[in-house]
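Welcome! Take a moment to look over the sequence and the fold, and then use the notes that follow as a guide to both.

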Amino acid sequence: MAAPGARSCSLSGLLPAQTSLEYALLDAVTQEEKDSLVYQYLQKVDGWEQDLSVPEFPEGLEWLNTEESISVYKDLCGKVVVLDFFTYCCINCIHLLPDLHALEHTYSDRDGLLIVGVHSAKFPNEKVLDNIKSAILRYNITHPVVNDADASLWQELEVSCWPTLIILGPRGNMLFSLIGEGHREKLFLYTSIALKYYKDRGQIRDNKIGIRLYKDSWPPSPLLFPGKVTVDHVSNRLVIADTGHHRILVVWSSGQIQYSIGGPNPGRKDGMFSESTFNSPQGVAIMDNIIYVADTENHLIRKIDLDAEMVSTVAGVGIQGTDKEGGAKGEEQPISSPWDVVFGRSGSEVQRDDILWIAMAGTHQIWAFLLDYGRLPKKNELKKGTCLRFAGSGNEENRNNSYPHKAGFAQPSGLSLASEDPWSCLFVADSESSTVRTVSLKDGAVKHLVGGERDPMNLFAFGDVDGVGINAKLQHPLGVTWDKKRNLVYVADSYNHKIKVVDPETKNCTTLAGTGDASNVIGSNFTDSTFNEPGGLCIGENGQLLYVADTNNHQIKVMDLETKTVSVLPVFRSESAMVDGPFPAEKQKTLPRLPKSAPGIRLSPVAASPGQTLQFKLRLDLPSGTKLTEGAPSCWFLSAEGNEWLLQGQIPSGEIESISSQPTISLQIPGDCLSLEAVLSISVFLYYCSADSSACMMKGILFSQPLKITDTQQDYIPPVELKYIF
């Protein structure tokens, strides 16, 4: 094999050698043959006169999950390195993450392996460090990630698509590249043999890279990246996909949790509510006490029976499928990253909701799951339980067509149904083409509504422009919902951090709420309020309320379409300290008196701006040999004498059920502050007794937290620890 004539940093320099290797691997039968071919390849590449060297990371780039910035030729010297060029919106990049997680569990930096994520953004919103931080937390990325916002490494190496993996040797020398998803076997083969090859030559170092995980600094919250929300119109209950906690919540309209199913860790298990698990669920649909769930990262459709309190799988096999046609019985049909679900009706004579429509983001299609015997447009009668493609060729594109199988979508992520004439269609939030499209329920024709442009191959026609049809611009919308009362479509324009409204008759698209800033301000009206990558929305209360899954703010926002006001839905268990919104009036308690002997601790002042949330972590220790008194009301209370405005809309109290798992207390600074200084008082009452219960007592403590209200918004306010040893 001829060596390159000159030092290079382009992937094209690897192409001839690696292509020859991959052809040879096709003929290899045993694992020993494959290992030997890769080992011989490395001998040749390693013997080239000059390395194909990767360029150094540019100075000044922002790093995450590390103690400091990383250098290829200092910190990574002596390591086999996998560079993952990704952008966090990309479904193919998301599909690759389980492979990288598995590789990290097999080999550590002590073994000589390190994975580095190189974030090269597609959308402007993805260049913002805070948004990348959220994605790292959402997808549980634990290796170092660098924000290459200007794509300088991407351009120097001539990377052409997301995702791209580049495997480096211990001198920063390029060894292999893997383009796209679906290369798990080659990734493990190439990495393992590279580690063996360089270890045989004594070139692998076991030095540890300084890792500081972003997730370790994240405070607990009742919701974590909620993806979708829907309403049970019979009971007015909400169903929330609490995606980051890997669970489904059923909550009353007050916000009190009725059911919590799954979580807090990812898993894949059917059965009773107490044992069932999910993995990053997104879409939810409820009817007759049955919930269907798009269990996205399990590649499943799950069924939750609220009466039987059981979870079962109705579609998918638990691994990512590549089939783009379908037609098998649901539990035998592989599917790929379902992102949303909505009920619909087939062409059968009896008008009933007998179809579950699925936004199949992983194969860029719209699928159908038959809940009963039924008929799709231009299809014969289908058996109950059949799961198949309805629209979309499977090619990632923005192609409209009167034949549904010839149309093309690009990561469809949101669905809503308008069954009544003249609409009779599905509305689709097609995220990667930045469009909203319609799919006719009568003949399957796919048509453009707003966003994008006419070239079906251009997936970069995004922006933030109010307008009509193709002149309107969106940025990676993830959710849609139909308002049949007003004949309007609401859109979660996720990367513009806005809620938009579309008139499907005129195709006019305008901003309904949000300033475009990624923040969490509850303003006095729609236009003053802000969101952060909202992912889902639904209509409730007979068309009065619009519920929004404000994903990166970890909240459900409630937009009153009549009064034009925005509020936050509280999410809490009965008698629990889980809070993220106004506290129901009936739960408020009377503040007991602190004992005269209760100590008082004045804390250092904290600066915060309107709209920001403060977290207070209780860290109290009981005397040795004692325990909390069972059944006694150990609790905390908030007060702000002379500044009662500070507590308006807050949860002022909560119980302490366990000394080993003490609550975190949240306080959101109101949007309208009547003073620039205030003191928040946090009173704590503990009832405890000796281990043999021979003696019981009550102790109290008062923490005083001075607050300074400022216009300067901080990116992150660390939690305040309330420590005391009784």
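The domain bounds used here come from an automatic or database domain assignment. On that basis, the protein chain falls into domain 1 (11–216), domain 2 (321–568) and domain 3 (600–725). Please keep in mind that this is a predicted model.

**The chain as a whole**

- The secondary structure of the protein chain amounts to six helices and 45 strands. The chain is as compact as a globular protein of its length, because its radius of gyration of 28 Å is close to the 27 Å that the globule rule gives for 726 residues.
- Along its principal axes, the C-alpha trace of the protein chain spans about 85 × 70 × 50 Å.
- Between domain 2 and domain 3, the distance from one C-alpha centre to the other is 42 Å.
- Buried residues make up 58% of the 726 in the protein chain.
- About 29600 Å² of the protein chain is exposed, and carbon and sulfur atoms supply 48% of that area.
- If you take the contacts between residues at least 6 apart in sequence, 60% of them join residues at least 24 apart.

**A helix to look at: α3**

- Helix α3 covers residues 91–106, which is 16 residues. From its first C-alpha to its last it reaches 24 Å, close to the 22 Å expected at 1.5 Å a residue.
- Where is the kink in α3? You will find it at Leu-97, shortly before the proline Pro-98, with a bend of about 25 degrees.
- Leu-97 is also one of the buried residues of α3, and others among them are Ile-91, Cys-93, His-95, Leu-100 and Leu-103.
- Which elements do the buried residues of α3 pack against? They meet the strands β2 (80–86), β3 (113–119), β5 (164–168) and β17 (338–345), together with the helix α6 (184–200).

**Backbone features to spot**

- As background, most peptide bonds are trans, and most residues other than glycine have a negative phi.
- The peptide bond from Trp-162 to Pro-163 is cis, with omega near -15 degrees. Pro-163 sits in the loop between α5 (152–157) and β5.
- Another cis peptide bond runs from Asp-421 to Pro-422, with omega near 5 degrees. Here Pro-422 belongs to the loop between β23 (412–418) and β24 (425–430).
- His-497 is not a glycine, yet has a positive phi of about 60 degrees. Look for His-497 in the loop between β29 (488–493) and β30 (498–503).
- Glu-541 is not a glycine either, and its phi is positive at about 55 degrees. The loop between β32 and β33 (545–550) holds Glu-541.
- Is His-497 buried or exposed? His-497 counts as buried because its relative accessible area is 3%, under the 20% cut-off.
- Glu-541 has a relative accessible area of 27%, so this residue is partly exposed.

**A buried loop residue: Asn-532**

- Asn-532 is found in the loop between β31 (508–513) and β32 (536–540).
- With a relative accessible area of 11%, Asn-532 is buried.
- What does Asn-532 touch, leaving aside its neighbours within four places in sequence? Its contacts are Asn-131, His-497, Ala-518, Ser-519, Asp-550, Thr-551, Asn-552 and Asn-553.
- The contact with His-497 leads back to the residue with the positive phi of about 60 degrees.

Methods
Residues numbered from 1 in each chain as written. Predicted model: local features only at pLDDT ≥ 70, side-chain atom pairs only at ≥ 80, totals over all residues. Heavy atoms only, no water. Helix = DSSP H or I, 4+ residues; strand = E, 2+ residues; numbered from the N terminus. Expected span 1.5 Å × (residues − 1). Bend = angle between axes of the 7 residues up to and from the residue. Buried < 20%, exposed > 50% of the residue type's maximum accessible area, 1.4 Å probe, protein only. Contact = heavy atoms within 4.5 Å. Rg over C-alpha atoms; globule rule 2.2 N^0.38 Å. Areas by Shrake-Rupley, 256 points an atom, 1.4 Å probe, with all protein chains shown as cover.
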